[in-house]
Amino acid sequence: MDSNNRIDLTQEINNGEMQSLQDVFCHTNDMYVMGVSKKYGQITAFSGDKSEEEFVDDHFSSQLRREIMDSFVDGDAENIIERYGTEDYLLYRGVAIRGDAGELVGVWLCFGVDATAIPEDVYLPAEIRRTSLESFDKAISLLETLTKYYFSEKLRTIALKQQLDAENDYQKNMEYRLKKNEIMTDILRHLESEDSFTRVSDEVLKQSAVYLECSNTALLRLSPDGTTVDMISEWAQEGAKRLSPDCQEKPIEEVPFMNGKPYTISADAELPASFEKLFSEYDIKAGIFLPISVNNASAMYVCFMSIGTKKKWTVDDLRFANDIKRILHTILAKKITKNSLASSYNALEAILQNASYGVAVSDVEKKQLLYTNDTFSEMFSDQIDRVAIEELLFDKRNVLNEFSGYSANGSGKWYDINFATIKWVDGREVRLTTFYDITDLRAYQKKIEKQAQEDILTGLFNRQACEKDISAEFSFVKKTGKEFAVLMLDLDDFANINEGLGHKVGDKLLKYISRTINDINHINGKVYRIGGDEFAVLIDHEIYPQLDIIVKRIRNLFENPWVIDGQEYYCTMSMGGIKGSDASDSASVFTRLNIALHEAKKKGKNRFQFYDADTDTVAAERLKMEQAMRRAVEEDCKEFVVLYQPIMEFKEGVTVCCGAEALLRWESEELGLIMPEEFIPVAEHLGLITQIGDKVLKEAAKSCKHWNDFGHPEYKINVNLSVVQITQSDIVEKIRKTLEDTAIDPVNLTLEVTESLAINDIDRMISILDDIRALGCRVALDDFGTGYSSLNHIKRMPIDTIKIDKIFVQDVDSDNFSEAFVKTVSELADTLGINVCVEGVEEDKQLDMIGRFSVNLAQGFLFDKPLSNEEFENKYL
């Protein structure tokens, strides 16, 4: 790879991501790891406490660390280095971190203690992590794999970003060229204007200011005796200070640039004293000042200025400004020497000869070309193109002002053409034609259109193309009475392949499956990737008689394992189908396809089901909710409303409000009020819970900050985090961002997690909650006592509050276990210094029961229902 194009991965490393990877890896595998960059030194902090760090420093010398680092070679296939220390029970390894060309970027330095090999007479502190040689080597192998995957994804992301930046730069450049051409075309029209020089110059100055994005443009004229200066024309953008009132009969000594020389002064330039005085007086930050000669003397200056705003002029800015100067000079010269044909022609030629667009002046009556610039000659150097374009130039029937998308067959170029009727230098009417080369722009637009309908990974058409083709097919069969069908495939449990084997294998499998299906006879080019692991097949009217055969062939493909690089992968699919006659319109095809696919999945894996109207009702309700939810999320989650249920604190036998829990409701415009237990599972299934949760977190924190600012600094807000939210890699960063955006005191934000989260991966959960608490926030364990209760969780998890589920206070009269449970948990929590909140308190007898124990918080309808923000503030603020 060209080293000039190589990505410097050391500058792209996200230390936060690497730190998280290291912390979880060390904790999970009972070992110690540190990331060291070849260029920048240590890039991750030690994962452990101070005593552990001192132990590692004592037994893993800097000399041994350097020896491991120096053992790796750029481009070498060896990614793991093993070294030995003074003791057999101490394990040392290095794992390479490599860039896109195999160059060494950094190293994971790994240290472990083999518990099975520690001599009996050796004492190690209890906090030192211990492993075994076998487990240590397995962990090292896993770290190598994780590192390759992490950095390959990082390189891919960087490369895509660079490609996007390049395309954005190209698009901006094309927009700039079009803008310049349009403005210059308009300005050129003023060459033949019969208006006064002042009126024409006013228009030219205005249009040039728009292009140069400067605040003021002006024309200055030297007095006949050369002692004073007058501003005879000025354009100033709205709100900008006008200079003309103060620039009449101004002494020449106060205008230092009017000495016959051109000046281009950007905001970062060092100014001589005379210029410094002028710029300070009018707050000029940057300016271009160009002389206009009259009878070989610099009698006027055209000025382009940025007042109050710093600006750095570009080469293109300067070229444009000089073009404007020549145009103004031409107009002025024409007014002065109106009958001098040579003068006008020479000035016109000076302006247009090297322009980036083609210019031709033609006498239509005489079929004579009066003038062409060099660019026009280059554009139509092909003889076939030249003959064709001259026919167009001399065609009297052509009365258009513009011609978009003209194709020159000889050169293969595309042009936009503008026509205007002007008076030539000798007074006759002629046709002025300008040509703009749009070949690159057209190719770019085609590329964008192709990309918009093509899936990047598989090369198949995408959902947009599929919907377009279905719509066209539906319209055709409706008119002809023919039939067509559409199939939808969803790969079963494909997420497990991605998670278990990695996205690289998953992508390979997707491409292989896509290519195999697309190769089936009759349907090549009619297969679409419409989602992550979803595909559609259009069986149009011509191949509809082969429908059964095509369905059978697709199903047969998934009967056997898929073989990639000699490795077998088992992947089945579920498939739904619909005939065109079963759809009311093209828009309903996908809706009913989803219903058919849903029914196929209900039967098990590798099943096929045609759409059946009888099963439509229940599935349609689910689909209706999914579609409504997608729309609601796309509209900034405006339909999701946050309510606040007060949380009460016991103070000297009296309950007082100490804050609230944020509760979510969906007030759907289409479906009405929907409770969380109905829509949260759907949101999690669709992957939309993160966006919804982000809205709740920010809105709740913002409300609490308002309460704190208006008389209740002690009020706190509790926000629930779903399983999906808290397992996101950026959850801690999102919470940090919320704290920054709302300026809420972190101690007043409590994040509630359910006990089921801890069951799945207690160590990972502890790490995440530690990071949340490190921000200053509090953590509450919600719904404690339901499902998988374990008092050990109270001991291990970093929590501030236990929330006992409402089921333990529902039957206080008849359920002795519930009362004993509340008593036990509250006493244990009191010993550990943890708050206890009982949920679902609705009756006085329930309040009496919890009042006998060490419970300091409660919430429920006995105190108040969930309230809108306005209701809460009216009642408790």
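## Pairing and strand β26

Two strands count as paired if DSSP finds at least two bridges between them. In this predicted model, strand β26 and strand β28, the latter made of residues 716–720, meet this condition, since 3 bridges join them and the two strands run parallel. At one place in this pairing, Ala660 stands opposite Ile717 of β28. Strands of a sheet pair through backbone hydrogen bonds, and they may do so in either the parallel or the antiparallel sense.

Strand β26, which covers residues 654–668, has 11 of its 15 residues buried, so the rest of the structure largely encloses it. The strand also pairs with β25 (residues 640–651) in the antiparallel sense, over 12 bridges, and here Tyr644 stands opposite Ala662 of β26. The two strands β25 and β26 form a hairpin with 2 residues between them, and in that turn Glu652 has a positive phi of about 55 degrees. Another hairpin leads from β26 to β27 through 3 residues; β27 consists of residues 672–674 and is joined to β26 by 3 bridges, with the two strands running antiparallel. In this last pairing, the bridge partner of Ser668 is Gly672 in β27.

## The chain as a whole

The protein chain contains 28 helices and 33 strands, and 47% of its 877 residues count as buried. Its radius of gyration is 38 Å, whereas a compact globule of 877 residues would have one near 29 Å. Taken along the principal axes, the box filled by the C-alpha atoms is roughly 115 × 80 × 70 Å.

Among the contacts with a separation of 6 or more, 62% are made by residues 24 or more positions apart in the chain. The chain exposes about 44200 Å², and carbon and sulfur atoms supply 47% of that area. As for charge, the chain carries 100 positive and 150 negative charges, and the mean positions of these two groups are 7 Å apart.

## Two open sheets

One open sheet has 5 strands in the order β2-β1-β5-β4-β3, and its pairing is antiparallel. Its edges are formed by β2 (41–42) and β3 (80–84), each of which has a single partner strand, so one side of each is left without a neighbour in the sheet. Within this arrangement, strand β1 (residues 32–37) is joined to β2 by 2 bridges, and these two strands run antiparallel; Val36 stands opposite Gln42 in β2.

Another open sheet is formed by 6 strands in the order β8-β7-β6-β11-β10-β9, again with antiparallel pairing. Its edge strands are β8 (250–251) and β9 (263–265), and each of them pairs on one side only. The partner of β9 in the listed pairing is strand β10 (residues 284–294), which it meets in the antiparallel sense over 3 bridges, with Ile265 standing opposite Gly287 in β10.

## Lys261, between two edge strands

Lys261 has its place in the loop between β8 and β9. When residues up to four places away in sequence are not counted, Lys261 touches Phe289, Pro291 and Tyr301. The C-alpha atoms of Lys261 and Phe55, which are 206 residues apart along the chain, are separated by 74 Å.

## Strand β20 and its partners

How many of the 6 residues of strand β20 are buried? In this strand, which covers residues 534–539, 5 of the 6 are buried, so β20 is largely enclosed by the rest of the structure. Strand β18 (residues 485–491) pairs with β20 in the antiparallel sense over 6 bridges, and Val486 stands opposite Leu538 of β20.

Strand β19 (residues 527–529) also pairs with β20 in the antiparallel sense, over 3 bridges, and a hairpin of 4 residues joins β19 to β20. In this pairing, Ala536 in β20 is the bridge partner of Tyr528.

## Asn462: buried or exposed?

Asn462 belongs to strand β17, which is made of residues 461–462. A residue counts as buried under 20% relative accessible area, and Asn462, at 15% relative accessibility, therefore counts as buried. Asn462 and Ala452 are 10 residues apart in sequence, and their C-alpha atoms are 8.1 Å apart in space.

Methods
Residues numbered from 1 in each chain as written. Predicted model: local features only at pLDDT ≥ 70, side-chain atom pairs only at ≥ 80, totals over all residues. Heavy atoms only, no water. Rg over C-alpha atoms; globule rule 2.2 N^0.38 Å. Buried < 20%, exposed > 50% of the residue type's maximum accessible area, 1.4 Å probe, protein only. Contact = heavy atoms within 4.5 Å. Areas by Shrake-Rupley, 256 points an atom, 1.4 Å probe, with all protein chains shown as cover. Lys, Arg positive; Asp, Glu negative; His and termini not counted. Charge placed at Lys NZ, Arg CZ, Asp CG, Glu CD.
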